[in-house]
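Here are my notes on the model you sent. Keep the structure open while you read, and check each point as you go.

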Amino acid sequence: MTKPKLYDVVPHWRAGSAWAGSGERRGDVYDPATGAVARQVAFASGDDVSSVVAAAVDAGREWAAASLTRRTSVLFAFREVLARRRSEVAAAITAEHGKVLDDALGEVQRGLEVVEFACGAPHLLKGSFSDGVSGGVDVYSIRQPLGVVAVISPFNFPAMVPLWFVPVAIACGNAVVLKPSEKDPSASLLLAEMWAEAGLPAGVFSVLQGDKVAVDGLLTHPDVKAVSFVGSTPIARYVYETGTTHGKRVQALGGAKNHMVVLPDADLEAAADAAVSAGFGSAGERCMAISALVCVDPVADALVPLIASRMAALVTGDGRSGCDMGPLVTGAHRDKVAGYVAAGISSGASLVVDGRSVVPSGSSGGFWLGPTLFDRVTPGMSIYDEEIFGPVLSVVRVATYDEALALVNANPYGNGAAIFTHDGGAARRFQREVEVGMVGINVPIPVPMAYYSFGGWKSSLFGDTHAHGTEGVHFFTRGKVVTSRWPSPDSPRPGVDLGFPQ
Ligand code: NAD
């Protein structure tokens, strides 16, 4: 595995090269497996935002005029570079996020699939043509780039989430400014280097590191035409409201509370495997993690012990050392999640497995919290009502399918939901009745492939366009319809007519 070159102070990327910026503020970036500050990251000032956007405007103008052949040749080259250097990106992710290396490699793979999708841009950007709608008149539609677009991403997928948007936006002829999470910023610089290596002209892809100052600068900048945001629901709502108030098109993907419903006829061994994988993969720091396991009676009596026995075999430790689950991203987040565990106990839920007593395979200074399982959780408890974003799985017992469905649909979030059953009719009914954007049938984390679109409903998405797939192409272009008349020399002139043509 090739070790990535990581900066001591992670810089911005402007006009094709690393750039320190003028901002004096910096943030600490931790190694979550040791708890040590591993490096720092530059925080952009308002002037830095203007400087990066100005370079992007210039580059974007030329890129919009580049032929489709030129654009796709860069995308194909980027696909090759990313595939070759994927282990460097994965190592950077594990070093700063903490997720285990295999999982980080999987994240890069999912991003790579969006790049492959974007390589088909010439087909996706085809317009339509209606020949001869009237005498000598044809009508056709084209889709054109927006200009400079911003991508603001969360800590939990430092490569995959940017790659949900950036390749599609670039394929569509836009220039992109990425504002990554300040918690794990190094992957963004590796991606920038790879775009340069693939031959993308300087300025078409930029990185602006930082916090709210950088985000607000992008949201209010007149030359930023669209914003793709992924993060927590309160910030998603803020980004949507601020961005649209400033005249931008915005897609803002928010938080989640994903339910997995298990019916009594389900294969419980498979359901237990799925619940453990989807609940504790990436330490539960996935927007599609399962956090509420809804067991229709009498499922829980048998399923809870099956899950607990699998949890006993999980090894929590340094993601670089071949264990099952890594640390949480920061000490503050670990403490917040541990606070939910304490709240669950005091609200009367049954604690089946307590992750606070985990013995990690790794440094004692890491941000550790082991897999945790609660049974007999009910709405009204904070562990059910709120997004925990950690390795805490809550079992909710219900008497019927209808009760399970009502529970899922009453939740303010609507990202993903899954049902486990052998009954095709029940699965089909669930798929039609459940109010979420992504549904799994005997699949716990129903993340759509790159050629479909990813997104939730309700408080999990503000705006109406999902990420990647054809919706992504739609988001990063605007449509134009052309009506043209090329009369033949002998056709009569229509003359003056103040009415609508009939
Ligand atoms: P976050 O909302 O704290 O941060 C997301 C981005 O917003 C970061 O770049 C951050 O710098 C910026 N930001 C944070 N506070 C801000 C503020 N006050 N003003 C302006 N910008 C601000 O989210 P996070 O903790 O990095 O990520 C975890 C969250 O993301 C979870 O809620 C998770 O469900 C969600 N998420 C959702 C999806 C999805 O597809 N719906 C995917 C991944 C993560």
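1. Start with strand 7 and strand 23 (residues 477-485). The two pair in the antiparallel sense, over 9 bridges. To find the register, look for R143, which stands opposite G479 in strand 23. Bear in mind throughout that this is a predicted model.

2. Strand 7 (residues 137-145) also pairs with strand 6 (residues 129-134). These two run antiparallel and are joined by 3 bridges. S134 stands opposite V137 in strand 7. The two strands form a hairpin with 2 residues between them. Look there at G136: its phi is positive, near 70°.

3. Now move to strand 11 (residues 224-230). How many of its residues are buried? The count is 7 of 7, so the strand is mostly covered by the cut-off of 20 or more other C-beta atoms within 10 Å. Strand 11 has parallel pairing with strand 8 (residues 148-152), through 5 bridges. In that pairing, V148 stands opposite V224 in strand 11.

4. Strand 11 also runs parallel to strand 12 (residues 249-253), again with 5 bridges. A226 has R249 as its bridge partner in strand 12. Between strand 11 and strand 12 the chain passes through helix 9 (residues 233-245). This β-α-β crossover is right-handed. Trace the path on the screen to see it.

5. A small exercise in sheet order comes next. One open sheet has 3 strands, in the order 1-5-4, with mixed pairing. Strand 1 (9-10) and strand 4 (26-31) are at the edges. Each has a single partner strand, so one side of each has no neighbour in the sheet. Strand 4 pairs with strand 5 (residues 36-42) over 6 bridges, in the antiparallel sense. One pair to locate is Y30 with V37, its bridge partner in strand 5.

6. Turn to the inside of the protein. In soluble globular proteins, nonpolar side chains tend to be buried together. Here, the largest nonpolar core has 160 residues. V262 and A275 have the most contacts inside this core. Helix 6 (residues 160-171) gives the most to the core, with 10 residues. The core also draws at least three residues from each of domain 1 and domain 2.

7. Take A275 as a case. Which residues does A275 touch, not counting those up to four places away in sequence? They are M260, I290, L293, I307, L393 and P444. Select them together and look at how they are placed around A275.

8. E387 deserves its own point. This residue lies in the loop between helix 13 (382-385) and strand 17 (392-398). Is E387 buried or exposed? E387 counts as buried, because there are 21 C-beta neighbours inside 10 Å. Leaving aside neighbours within four places in sequence, E387 is in contact with G255, A256 and K257. A256 is 131 residues from E387 along the chain, yet their C-alpha atoms are separated by 6.3 Å.

9. Next, the domains. The domain assignment gives domain 1 (9-254 + 460-481) and domain 2 (258-441). Note that domain 1 is written as two segments. The centres of the two domains, taken over C-alpha atoms, are 31 Å apart. Across the boundary, 19 residues of domain 1 are in contact with 26 residues of domain 2. On the side of domain 1 that touches domain 2, the elements giving two or more residues are helix 3 (86-97) and helix 4 (101-118).

10. Finish with the whole protein. The secondary structure comes to 16 helices and 23 strands. Buried residues make up 53% of the 502 residues. Among contacts with a separation of 6 or more, 72% link residues 24 or more positions apart.

11. Last, the overall dimensions. Along its principal axes, the C-alpha trace spans about 85 × 55 × 40 Å. What radius of gyration does the protein have, and what would a compact globule of 502 residues have? The protein has 25 Å, and the globule would be near 23 Å, which agrees.

Terms used. Residues numbered from 1 in each chain as written. Predicted model: local features only at pLDDT ≥ 70, side-chain atom pairs only at ≥ 80, totals over all residues. Helix = DSSP H or I, 4+ residues; strand = E, 2+ residues; numbered from the N terminus. Rg over C-alpha atoms; globule rule 2.2 N^0.38 Å. Buried ≥ 20, exposed ≤ 12 C-beta atoms within 10 Å, placed from the backbone. Contact = placed C-beta atoms within 7 Å. Pairing = 2+ DSSP bridges. Right-handed = clockwise from strand over helix to strand, strands pointing away. Core = buried A, V, L, I, M, F, W, Y, C linked by C-beta atoms within 7 Å. Domains from an automatic or database assignment.
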